[in-house]
Amino acid sequence: MLDLDFFKKINDNHGHDVGDLTLQEIAGIMNTAVHGYDDARIGRWGGEEFFILLPGVDEAKAMTFAEHLRRAVDCHIFPHIGHLTISQGVITVNGNSDLDRKAIYKAVDDALYRSKEGGRNTIRKAVL
């Protein structure tokens, strides 16, 4: 799960049209990042929060992917706004179908929140 850092400032300072274009660009960066992950799924959770599902990817690869995505956004120059960062929460479930979906969401959301508390532009692992 990822969240655009300080996205409200973009809408406040540049307008919702620029905010919408920024969200579209983030989606493009995510689409590029998942290239080569055949079963990857990307979605918008709401507002400026997104999720990426990478079936079959272990924790080490998930963290490597998240870091690659973090760097891709951090290095990208967005038209109209310039620099932008993301905060991320990462969870792996290792095929455990007994896990409650609400518990999974809460764990990854808590990790995302810790990432934001940790200074933003960071990644935190979820704990179940």
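Contact here means heavy atoms within 4.5 Å. Keep that cut-off for every neighbour list on this tour.

**Before you start**

This is a predicted model: local features need pLDDT of at least 70, side-chain atom pairs count only at pLDDT 80 or more, and totals for chains, interfaces and linings use all residues. Residues are numbered from 1 along each chain as its sequence is written, and side-chain values use heavy atoms, with hydrogens and water left out.

**Stop 1: the whole chain**

Show the chain as a cartoon. Helices (H or I, at least four residues) and strands (E, at least two) are DSSP runs, numbered from the N terminus. There are four helices and five strands. Trace them from the N terminus and the order reads β-α-α-β-β-α-β-α-β. The radius of gyration is 14 Å, close to the 14 Å that the globule rule gives for 128 residues, so the chain is as compact as a globular protein of that length. That radius is taken over C-alpha atoms, and the rule is 2.2 Å times the number of residues to the power 0.38.

Align the view to the principal axes. The C-alpha atoms fill a box of roughly 45 × 30 × 20 Å. Of the contacts with a separation of 6 or more, 60% join residues 24 or more positions apart.

Switch on the surface. The accessible area is about 7,700 Å², and 51% of it belongs to carbon and sulfur atoms. Areas come from the Shrake-Rupley method with a 1.4 Å probe; for residues, only the protein chains shown count as cover. Buried means under 20% relative accessible area, exposed over 50%, and partly exposed in between (1.4 Å probe, protein chains only). Of the 128 residues, 38% count as buried.

Now colour by charge. Lys and Arg count as positive, Asp and Glu as negative; His and the chain ends are not counted. The tally is 15 positive and 19 negative side chains, and the centres of the two sets lie 3 Å apart. Each charge is placed at NZ of Lys, CZ of Arg, CG of Asp or CD of Glu.

**Stop 2: helix 4**

Select residues 101-117. This is helix 4, with 17 residues. From first C-alpha to last it reaches 24 Å, close to the 24 Å expected at 1.5 Å a residue. The expected span is 1.5 Å times one less than the number of residues.

Which residues of helix 4 are buried? Pick A107, V108, A111, L112, S115 and K116. Next, add strand 1 (2-4), strand 3 (49-53), strand 4 (86-90) and strand 5 (123-125): the buried residues of helix 4 pack against these.

Zoom to A107, in helix 4. A107 is buried, with a relative accessible area of 6%. Outside the residues up to four places away in sequence, A107 touches I91, A126, V127 and L128. Put a distance label from A107 to F78: they are 29 residues apart in sequence and 31 Å apart in space, C-alpha to C-alpha.

Move along helix 4 to S115. Its relative accessibility is 0%, so S115 counts as buried. Leaving out residues up to four places away in sequence, S115 touches S87, Q88, R120, T122, I123 and R124.

**Stop 3: the loop after helix 4**

Step past the end of helix 4. G119, just after it, takes a positive phi of about 115°. Then select R120, in the loop between helix 4 and strand 5. R120 is not a glycine, yet its phi is positive, about 65°. At 25% relative accessibility, R120 is partly exposed.

N121 is in the loop between helix 4 and strand 5. N121 has a positive phi of about 55°, although it is not a glycine. N121 is partly exposed, at 21% relative accessible area.

**Stop 4: T85**

What does T85 touch, not counting residues up to four places away in sequence? Show D3, L4, D5, V73, D74 and N121. T85 sits in the loop between helix 3 (59-75) and strand 4. T85 is buried, with a relative accessible area of 14%. Measure across to R70: 15 residues apart in sequence, T85 and R70 are 7.2 Å apart in space, C-alpha to C-alpha.

**Stop 5: G46**

Finish in strand 2 (residues 41-46), where G46 lies. G46 is partly exposed, at 31% relative accessible area. Add D3 to the view: G46 and D3 are 43 residues apart in sequence and 9.6 Å apart in space, C-alpha to C-alpha.
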